[in-house]
Amino acid sequence: MELGAFSVSLAVKDLQASRQFYEKLGFTSFAGDPSQNWLILKSGDHVIGLFQGMFERNILTFNPGWDSNAQPLATFTDVRELQRQLRAEGLSFASEADESTTGPASFIVVDPDGNPVLVDQHV
């Protein structure tokens, strides 16, 4: 099962302080909008998202249809197909993609320790 590009989405208290901290670790701004309280940072192939006030917990994030540079892939497994496969494996969902749609969609599953896993397709 190919889930797409991986990143960690961090729920931060102070976007600017977090940005400065991760820049000291070698990350640079890649995308985002500080006026909307979010930034995406990269260091090599490693990607983290900083999100102030958007969610309560850190989230593991997968993006079907994107490479690690947020560029569209020629072929990928659609988020709705991934959802069907995971449902067949017995997983339950905190939120689901509407399987009657196409294009961007997402779902969330929660691991046994309560960590949310977001599968978020943007293409």
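Buried, in this talk, means under 20% relative accessible area. With that cut-off, K42 counts as buried, because its relative accessibility is 9%. The model is a predicted one, so please hear every value as computed from it.

Let me stay with K42 for a moment. K42 sits in strand β3, which covers residues 38–43. Outside its neighbours within four places in sequence, K42 is in contact with G26, F27, T28, F30, V47, S68 and N69. With one of these, N69, there is a polar contact between the side chains, at 2.4 Å. For a distance along the chain, take M54: it is 12 residues from K42, and the two C-alpha atoms are 20 Å apart.

One residue on that contact list, G26, has a backbone feature of its own. G26 comes just after helix α1 and takes a positive phi of about 100 degrees. At the N-terminal end of α1, which spans residues 15–24, the cap is D14. A side-chain oxygen of D14 lies 3.1 Å from the backbone nitrogen of Q16. F27, also in contact with K42, belongs to a cluster in which ring pairs link F21, Y22 and F27.

That brings me to the aromatic rings. How many aromatic pairs are there by the rule used here? The count comes to 6. One pair is F6 with F62, which is tilted, with 5.0 Å between the centres and 45 degrees between the planes. F6 is in strand β1, residues 5–12, and F62 is in strand β5, so this pair ties together parts 56 residues apart in sequence. F6 counts as partly exposed at 41% relative accessibility, whereas F62 is buried at 17%.

Another pair is F93 with F107, which is edge-to-face: 5.3 Å centre to centre, and 85 degrees between the planes. F93 lies in the loop between α2 (79–88) and β6 (105–110), while F107 lies in strand β6, so the pair ties together parts 14 residues apart in sequence. Both rings belong to buried residues: F93 is at 16% relative accessibility and F107 is at 0%.

Next, strand β5 again, this time at N63. The strand runs over residues 59–63, and N63 is in it. N63 is buried, with a relative accessible area of 8%. Its contacts beyond four places in sequence are L3, G4, A5, S7, D120 and H122.

Now to strand β7, residues 116–121, where we find Q121. Is Q121 buried or exposed? Q121 is buried, because its relative accessible area is 2%, and the cut-off for buried is under 20%. Setting aside residues up to four places away in sequence, Q121 touches P64, F76, T77, D78, V79, R80, G103, P104 and A105. The side chain of Q121 also reaches the backbone oxygen of V123, at 2.9 Å.

V123 itself is in the segment after β7. V123 is partly exposed, with a relative accessible area of 30%. Together with L73 and F76, V123 forms a nonpolar patch on the surface, and the accessible area of the three together is about 210 Å². So Q121, which is buried, touches one patch member, F76, and its side chain reaches the backbone oxygen of another, V123.

That is where I will stop.

Key:
Residues are numbered from 1 along each chain as its sequence is written. This is a predicted model: local features need pLDDT of at least 70, side-chain atom pairs count only at pLDDT 80 or more; totals for chains, interfaces and linings use all residues. Side-chain values use heavy atoms; hydrogens and water are left out. Helices (H or I, at least four residues) and strands (E, at least two) are DSSP runs, numbered from the N terminus. Buried means under 20% relative accessible area, exposed over 50%, partly exposed in between (1.4 Å probe, protein chains only). A polar contact is a pair of N or O atoms within 3.5 Å; within protein, one must be able to donate a hydrogen and the other to accept it, and residues adjacent in sequence count only if both atoms are side-chain atoms. Contact means heavy atoms within 4.5 Å. Patches are made of residues with over 30% relative accessible area and no salt bridge: like charges are joined within 9 Å, nonpolar side chains (Val, Leu, Ile, Met, Phe, Trp, Tyr) within 5 Å. Accessible areas come from the Shrake-Rupley method with a 1.4 Å probe; for residues, only the protein chains shown count as cover. A salt bridge is a side-chain nitrogen of Lys or Arg within 4 Å of a carboxyl oxygen of Asp or Glu. Rings of Phe, Tyr and Trp (its six-membered ring) pair if their centres lie within 6.5 Å; planes under 30 degrees apart count as stacked, over 60 as edge-to-face and the rest as tilted.
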